[in-house]
Amino acid sequence: MSKKITDESGKTYVEKKPFYKKGCFWIVAVVVVAIIIGAVAGGGSGSDNGGTKVEKTTAKSKKSSAKKTPKFYKVGDTVKVGDVVYTLKSVEKTDERNEMNDKQFKNVLKVVYHVKNEGSDELPIGADLDVYGPDNNKLDTYPINGTTINSVAAGKEADVTTGFGTDKLGDFELQFKPLVSVNKAAKFKVNVQ
């Protein structure tokens, strides 16, 4: 916002904010820095499904040779995308409905996943998941009890619950990626009937 200043002789001057104090400057700066960091870091693992699967260390897994990366991850898998570790806990149909929602769907999916922030900054959670239905269309989010829209501090963990509306059931593709990230999304495939 500009400020008007009148001097002793009656002349009016407009004092403007420096460019670096304007909000849009910082938004553009953060996006540019994120793109540069992503380019320098390599932008992901290069696999089709995004992310890097985190294996639980057991005697059996130490002895086995490296397995081929699956095309899609599944419920129970733990995957790292950048500095964030995601574990998909469950995807199920729920009878819960929100009468206040503008659009009503035949089916509502309840997705529960775990997030571990291994980065150095606070991480927004709840908006880091996109779901695509059997017809490959992106699903709308659907507010259900326990929906998580929050953040998790650096080095901390949280469970996240979110809902998605769909008219069709079948195979769903879930893509996990931090809200502001240039990394490739980790892709999970689940079937809900």
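In this predicted model, D159 comes out as partly exposed, because its relative accessibility is 42%, between the 20% and 50% cut-offs. This aspartate has a partner: K89 forms a salt bridge with D159, and the closest N and O atoms sit 3.1 Å apart. The pair ties together distant parts of the chain, with K89 in strand β5 (residues 84-94) and D159 in strand β11 (residues 157-166), 70 residues apart. K89 is partly exposed too, with a relative accessible area of 44%. As a general point, side chains of opposite charge can pair when their charged atoms come close.

The chain holds 6 salt bridges in total. Another of them joins K80 to E118, with 2.9 Å between the closest N and O atoms. Here again distant parts of the chain are linked: K80 belongs to strand β4 (residues 78-81), while E118 falls in the loop between β6 (107-117) and β7 (123-125), 38 residues apart. At 30% relative accessibility, K80 counts as partly exposed. E118, at 38%, is likewise put in the partly exposed class.

E118 does not stop at K80, since K116 also forms a salt bridge with E118. For E118 and K116, the closest N and O atoms are 3.8 Å apart, which falls within the 4 Å limit and so counts as a salt bridge. K116 has a relative accessible area of 31%, so this lysine is partly exposed. Elsewhere, salt bridges link K53, K74 and D77 into a network.

Some charges gather on the surface without such partners. K16, K17, K21 and K22 make up a patch of positive charge there. Of these lysines, K21 can be placed in the loop between β2 (12-15) and α1 (23-41). Is K21 buried or exposed? K21 counts as exposed because its relative accessibility is 52%, and the exposed class begins over 50%.

The surface also carries a nonpolar patch, formed by I27, V31, I35 and V182. Together these four residues offer about 350 Å² of accessible area. One member, V182, is found in the loop between β12 (170-176) and β13 (186-192). With a relative accessible area of 37%, V182 is partly exposed.

Then there is N136, a residue with a backbone angle worth a look. Its phi is near 70°, a positive value in a residue other than glycine. For context, most residues other than glycine have a negative phi. N136 lies in the loop between β8 (129-132) and β9 (140-141). The relative accessible area of N136 is 61%, so this asparagine is exposed.

Stepping back to the whole chain, the model has 2 helices and 13 strands. How much of the chain counts as buried? The figure is 33% of the 193 residues. The chain exposes about 12,600 Å², and carbon and sulfur atoms supply 53% of that area. As for contacts between residues at least 6 apart in sequence, 63% join residues at least 24 apart. The salt bridge between K89 and D159 spans 70 residues, and the one between K80 and E118 spans 38.

Definitions and conventions
Residues are numbered from 1 along each chain as its sequence is written. This is a predicted model: local features need pLDDT of at least 70, side-chain atom pairs count only at pLDDT 80 or more; totals for chains, interfaces and linings use all residues. Side-chain values use heavy atoms; hydrogens and water are left out. Patches are made of residues with over 30% relative accessible area and no salt bridge: like charges are joined within 9 Å, nonpolar side chains (Val, Leu, Ile, Met, Phe, Trp, Tyr) within 5 Å. Accessible areas come from the Shrake-Rupley method with a 1.4 Å probe; for residues, only the protein chains shown count as cover. A salt bridge is a side-chain nitrogen of Lys or Arg within 4 Å of a carboxyl oxygen of Asp or Glu. Lys and Arg count as positive and Asp and Glu as negative; His and the chain ends are not counted. The place of a charge is taken as NZ of Lys, CZ of Arg, CG of Asp or CD of Glu. Helices (H or I, at least four residues) and strands (E, at least two) are DSSP runs, numbered from the N terminus. Buried means under 20% relative accessible area, exposed over 50%, partly exposed in between (1.4 Å probe, protein chains only). Contact means heavy atoms within 4.5 Å.
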